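Subject: Structure handover

Hi,

Here is the structure for you to look over. My notes on the ligand site and the salt bridges follow below.

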Amino acid sequence: MTMKNSLAHPNIAFIKYWGNRDQNLRLPANGSISMNLAALETRTAVTMLDKAEADRLFINSEEQSGQALARVSVFLDILRTLSGCKSFVEVRSQNNFPSSAGVASSAAAFAALALAGTEAFNLQLSEKDLSRLARRGSGSACRSIPAGFTEWQVGTSDNDSYAQSIASPDHWDLWDCIAILESGPKTTGSTEGHNLAPTSPLQSARVADADRRLAICREAILQKDFEKLADIVELDSNIMHAVMMTSQPPLMYWNPTSLLLMKEITELRRRGIAAAYTLDAGPNVHAICTAKNKDIVQRHLASLPGVQWVLVSPVGGAAHLLPEN
Ligand code: PMV
């Protein structure tokens, strides 16, 4: 039996994706920009099951059922339709970071699955088509297909909504220090959260201003201008959380330590240490910083009350296949 193996990194968004124009196709309300995280990786193996009557899914060696399996099976149905092959498969996905770290793993998971899955079904897709496909599993997964700093074009349809690299991993030696505050599962997952975005009166303003923020962020990355990047990354995170907090029902992802860390990171920057905060759909705080400052930022965050530990990562490469074993 042939087994196809792949590896993908999660990413941290500088300009966030929040809300869909089309929930089913995961066509986003706005474009987004992120950086892949080299130190964190998901390895996925996909094996065709000749006589099985259902797909099987193992995450970190534990067999999954219910919603997790259903979401993966719906994704695999796309591959079955594209290839004309009706076989069920076994998916084994392994993260090198504890799932209890509360770091979003669906981006890396669906990027890796898009790659190993298409190989298993004998579909050789271009990077663009892989990114479009990964988007169907989890929107942000499309940004984990290309290398380094990537931008997801909002697009007009399924055909042109995908991510491309805007700068390679070695363009700028940025790091992400992730302060883990809570390690339990999220109260409201992002799929449900995207649904609630239009209920906030602030979402239309957030979306209307997105192209401006994207342009500033893109320029800051290309010019390696940390001050410019820091201001736009923090603004964008705050705007997304303002939308979350004003949704019906409200989504409050921060905890008191999140706020403490945001203030500490801004204070570090005031003292000349290049660091900027950003938060996804959870309380953990990402401090984006330059290589020179990463040890100082990591040590400082780790010393604060309420921080369980700090993961550190440089910029990561593209999703890729691994040798068959
Ligand atoms: O890809 P999803 O559905 O898990 O959504 C990701 C949402 C955020 O992490 C909050 C923002 C982003 O752009 O990654």
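A salt bridge here is a side-chain nitrogen of Lys or Arg within 4 Å of a carboxyl oxygen of Asp or Glu. By that criterion, a search of the whole structure finds 18 salt bridges. Bear in mind that this is a predicted model.

**Salt bridges around R80**

Start with R80, which pairs with D55. Their closest N and O atoms are 2.7 Å apart. R80 sits in helix α1 (residues 66-83), while D55 is in the loop between β6 (42-49) and β7 (56-59), so this salt bridge ties together parts that are 25 residues apart in sequence. Are the two partners buried or exposed? R80 is buried, with a relative accessible area of 5%. D55 is buried as well, also with a relative accessible area of 5%.

R80 has another partner, D77. Here the closest N and O atoms are 2.9 Å apart. This pair stays within helix α1: R80 and D77 are three residues apart, so about one helical turn separates them. D77 is partly exposed, at 37% relative accessibility.

**R269 and D231**

The side chains of R269 and D231 also meet in a salt bridge, at 3.7 Å from N to O. The pair links distant parts of the chain. R269 belongs to helix α8 (residues 256-270) and D231 to helix α7 (residues 226-245), with their positions 38 residues apart in sequence. R269 counts as buried, at 11% relative accessibility. D231 counts as partly exposed, at 47%.

There is a network too. Salt bridges with shared partners join D129, R132, R135 and D158.

**Ligand site**

Now the ligand. It is surrounded by 14 residues. The closest are Y17, S140, R143, S190 and H194. The shell divides into five nonpolar, six polar and three charged residues.

Which groups lie opposite the ligand's oxygen atoms?

- Y17: a backbone N or O atom lies 2.9 Å from a ligand oxygen.
- G139: a backbone N or O atom lies 3.4 Å from a ligand oxygen.
- R143: an N or O atom in the side chain is 2.8 Å from a ligand oxygen.

How much of the ligand does the protein bury? Taken alone, the ligand exposes 380 Å², and the protein buries 96% of that.

Best regards

Terms used:
Residues are numbered from 1 along each chain as its sequence is written. This is a predicted model: local features need pLDDT of at least 70, side-chain atom pairs count only at pLDDT 80 or more; totals for chains, interfaces and linings use all residues. Side-chain values use heavy atoms; hydrogens and water are left out. A residue is near a molecule or strand if one of its heavy atoms lies within 4 Å of it. A polar contact is a pair of N or O atoms within 3.5 Å; within protein, one must be able to donate a hydrogen and the other to accept it, and residues adjacent in sequence count only if both atoms are side-chain atoms. Accessible areas come from the Shrake-Rupley method with a 1.4 Å probe; for residues, only the protein chains shown count as cover. Ala, Val, Leu, Ile, Met, Phe, Trp, Tyr, Cys and Pro count as nonpolar, Asp, Glu, Lys and Arg as charged, and the others, Gly among them, as polar. Helices (H or I, at least four residues) and strands (E, at least two) are DSSP runs, numbered from the N terminus. Buried means under 20% relative accessible area, exposed over 50%, partly exposed in between (1.4 Å probe, protein chains only).
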